[in-house]
Amino acid sequence: MEQQRVISLRMERQCLSHKADVSEYISLFQDTQPGQNVYWNGFGDPPSLTLRADFDDLAFNRQRQKERALLKGRFQGGNLGWVMAEDWELFACVYCKPLSRFTEPQKKLMEVISREGPLNIQQMKQETGMLVKEITPALHRLQQAFLIYEDQYDGDWERGWYPFSSMFPQVSLNRYSRTQALSLLLKRFAYRNVVFDEAMAKSFYKLPAKEISQALAKLTEEGTLVAREGGYLLSSDCSLLDSDTSGFSPSVYALHRNDFLVKSNDHWLKESFRHPVHDTLQYLLIDGVFHGASVGRFRNGPYDLEDVITDLPPKEAEQRKEEILRAVSDVNGGRRPTLFLGKSV
């Protein structure tokens, strides 16, 4: 199995070697859930699969939010994300963190939301006399237990919180065991990454290694996945990769830190391209492989674009300098970094 074939198929399935139409986009979104907005500067925006669509996917997902075809929850270590309504139960079974006992703030909020809901945070403050700094963490924990639901169907900050059971009476948190539910997600993960290892799955899903190992063992035992060259792939992909001779055009993409491919590889990317002074703004996917990053400082507004770092051989880096700078510029409003490999551009 040649690496070039894996890369070619991954770029195709990520819709980076071509732009997705609406049908392809919906399928890609489903397989790479939970969807997230652009890292740092996407506050209040709908989720986005940056660089993948041949249409305005922000507008498309904003409409899906309004129709409640996308639902907001806390997944991947308690982080906010969006999943399609038809997969809501599946993700609830994977990420539900039950509460064995309530703290006093959690108990108060659960009682008032069950009695008076939907309520926004200011109304909760009035009803309970609690401070916002007490309310917020309690809400987040109840949200992770799938006991309440934050109905953010538009960009309004004053969203209502409902009892989960009243919004989704048909959802059973026991429909799947966690291993069963995670096995379903890992099949999608395998399809979009083509080849992956346990560390990648843990990096993306933010679940214990033991649970991921159990799901991988189940999928391997039943023949859905094949262990090969230190990783896993779908058994249905084996013959395709062995026979495929297709390639793809050279490319450079600057991917933000919430991107599916970045989050799948975050465990090693953050170590390999760490800058001693600056924050990592985007990672550079060059010919389908991560080879560097743009660095600077995050701002509420345009970032400070300071430098580009890469592990490409110096001669190749110089040859592709303008291509790399253009990719960074494309996702930063046309602005270019001050430096390239520490030298003025």
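## Overall size and make-up

Let's start with the whole chain. A compact globule of 345 residues would have a radius of gyration near 20 Å, and the protein chain comes in at 22 Å, so the two agree. Keep in mind that this is a predicted model. If you drew a box around the C-alpha atoms along the principal axes, its sides would be roughly 65 × 50 × 35 Å.

As for what's inside, the protein chain is built with 16 helices and 12 strands. Buried residues account for 49% of the 345 residues.

## A salt bridge between distant parts

Go looking for salt bridges through the whole structure and you'll find 19. One of them pairs Arg192 with Asp31, with the closest N and O atoms 2.8 Å apart. This pair ties together distant parts of the chain: Arg192 sits in helix H9 (residues 178-193) and Asp31 in helix H2, with their positions 161 residues apart in the numbering. Are these two partners buried or exposed? Both Arg192 and Asp31 are buried.

## A pair with more open partners

Next up is the salt bridge between Glu271 and Arg274, where the closest N and O atoms are 2.8 Å apart. Glu271 has 49% relative accessibility, so it counts as partly exposed. Arg274 has 53%, and because exposed means over 50%, Arg274 gets that label.

## A network around Arg320

Some salt bridges join up. Asp287, Glu316, Arg320 and Glu323 are linked in a network of them. Within this group, Arg320 forms a salt bridge with Glu323, and their closest N and O atoms are 3.0 Å apart.

How do these two partners sit with respect to the surface? Arg320 has 11% relative accessibility, so it counts as buried, the cut-off being under 20%. Glu323, at 24% relative accessibility, counts as partly exposed.

## A negative patch on the surface

Finally, take a look at the charges on the outside. Which residues gather in a patch of negative charge on the surface? They are Glu12, Asp21, Glu24 and Asp54.

Glu24 is worth finding in the picture: look for it in helix H2, which covers residues 22-31. With 31% relative accessibility, Glu24 counts as partly exposed. Helix H2 is also where you'll find Asp31, the partner of Arg192 from helix H9.

Definitions and conventions
Residues are numbered from 1 along each chain as its sequence is written. This is a predicted model: local features need pLDDT of at least 70, side-chain atom pairs count only at pLDDT 80 or more; totals for chains, interfaces and linings use all residues. Side-chain values use heavy atoms; hydrogens and water are left out. Patches are made of residues with over 30% relative accessible area and no salt bridge: like charges are joined within 9 Å, nonpolar side chains (Val, Leu, Ile, Met, Phe, Trp, Tyr) within 5 Å. Accessible areas come from the Shrake-Rupley method with a 1.4 Å probe; for residues, only the protein chains shown count as cover. A salt bridge is a side-chain nitrogen of Lys or Arg within 4 Å of a carboxyl oxygen of Asp or Glu. Lys and Arg count as positive and Asp and Glu as negative; His and the chain ends are not counted. The place of a charge is taken as NZ of Lys, CZ of Arg, CG of Asp or CD of Glu. Helices (H or I, at least four residues) and strands (E, at least two) are DSSP runs, numbered from the N terminus. Buried means under 20% relative accessible area, exposed over 50%, partly exposed in between (1.4 Å probe, protein chains only). The radius of gyration is taken over C-alpha atoms; the globule rule is 2.2 Å times the number of residues to the power 0.38.
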